[in-house]
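Here is a short tour of a protein model, written to be read with the structure open beside you. Take a look at it first, and then we can walk through it together.

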Amino acid sequence: MAVVQVAGPAEEQQLRSPAALTVHWVHRPGSLLDAVRTVPLPDATDQVFAWVAGEASAVRAVRRHLVGDRGLDKRAVAFTGYWRADLTQDDAPTEQDLADATEQMADQTAP
């Protein structure tokens with residue numbers, strides 16, 4: 001399953017996978033978090049792995065939802081906020097950026 005945010009219908013692409021694939025398109029200014037909230041997850045959440053990437057604050061919110069509200073193990077959610085809406089790459093990391101990086105490293109070394 002994929003939840004993908006794009007500017008609008010013109011940016012939707014056909015995604016192919018050897019597995020069964022359901023794509024949920026989110027058109028801006030729609031909320032990625034709101035879309036993820038509506039996606040059904042299997043009852044056996046121990047069989048779910050999530051990969052979340054995008055704007056840092058949206059990624060952070062989706063990860064918090066998946067772990068805190070949906071009960072996924074933190075180690076089952078890989079995440080990277082690879083850009084920030086209000087900062088450039090030359091700006092110093094924020095406290096939240098540093099906290100996210102620390103948590104990612106801890107998740108990777110946890111048993």
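## Two charged pairs

Let's begin at Arg 75, which is partly exposed, with a relative accessible area of 43%. Keep in mind as you look around that this is a predicted model. Arg 75 makes a salt bridge with Asp 73, and their closest N and O atoms lie 2.8 Å apart. Asp 73 is partly exposed as well, at 37% relative accessible area. Side chains of opposite charge can pair when their charged atoms come close.

How many salt bridges does the structure hold? There are two. Besides the pair at Arg 75 and Asp 73, the side chains of Arg 37 and Asp 34 form a salt bridge, with an N to O distance of 3.1 Å. These two residues sit about one helical turn from each other, because they are three residues apart in helix 1. Arg 37 has a relative accessible area of 43%, which makes it partly exposed, and Asp 34 is partly exposed too, at 40%.

## The overall fold

Stepping back, the protein has three helices and four strands. Along the sequence they come in the order β-β-α-β-α-β-α. The C-alpha atoms fill a box of roughly 40 × 35 × 25 Å along the principal axes. Of the 111 residues in the protein, 26% are buried. If you take the contacts between residues at least 6 apart in sequence, 53% of them join residues at least 24 apart.

An unreviewed UniProt entry places the feature "domain: SIP-like Rossmann fold" at residues 2-85. Over residues 2-85, the chain is 25% helix and 27% strand, and the C-alpha atoms at the two ends are 22 Å apart.

## The nonpolar core

Which residues touch the most other members of the largest nonpolar core? This core has 14 residues, and those with the most contacts to other members are Ala 50, Val 52, Val 62, Leu 66, Leu 72 and Val 77. At least two core residues come from each of helix 1 (32-38), strand 3 (50-55), helix 2 (56-69) and strand 4 (77-83). Helix 1 contributes the most, with four residues.

Ala 50 is a handy place to zoom in. Setting aside neighbours within four places in sequence, Ala 50 is in contact with Leu 66, Leu 72, Ala 76, Val 77 and Ala 78.

## A buried glutamate

Now find Glu 55, which belongs to strand 3. Glu 55 is buried but has no salt bridge. Where is the nearest side chain of opposite charge? It belongs to Arg 60, 6.7 Å away; a salt bridge needs the nitrogen and the carboxyl oxygen within 4 Å, so this pair does not count as one.

The side chain of Glu 55 does reach the backbone nitrogen of Ala 58, at 3.1 Å. Not counting residues up to four places away in sequence, Glu 55 touches Gly 81, Trp 83, Arg 84 and Ala 85.

## The start of the chain

Finally, have a look at Met 1, in the segment before strand 1 (2-6). Is Met 1 buried or exposed? With a relative accessible area of 54%, Met 1 is exposed. Even so, Met 1 touches Leu 21, Thr 22, His 24, Val 39 and Pro 40, leaving out residues up to four places away in sequence. Met 1 and Thr 22 are 21 residues apart along the chain, and their C-alpha atoms are separated by 4.8 Å.

Definitions and conventions
Residues are numbered from 1 along each chain as its sequence is written. This is a predicted model: local features need pLDDT of at least 70, side-chain atom pairs count only at pLDDT 80 or more; totals for chains, interfaces and linings use all residues. Side-chain values use heavy atoms; hydrogens and water are left out. A nonpolar core is a set of buried Ala, Val, Leu, Ile, Met, Phe, Trp, Tyr and Cys residues joined through side-chain atoms within 4.5 Å. Buried means under 20% relative accessible area, exposed over 50%, partly exposed in between (1.4 Å probe, protein chains only). Contact means heavy atoms within 4.5 Å. UniProt positions are given in the numbering used here, feature names are shortened, and annotations may be inferred rather than shown by experiment. Lys and Arg count as positive and Asp and Glu as negative; His and the chain ends are not counted. A polar contact is a pair of N or O atoms within 3.5 Å; within protein, one must be able to donate a hydrogen and the other to accept it, and residues adjacent in sequence count only if both atoms are side-chain atoms.
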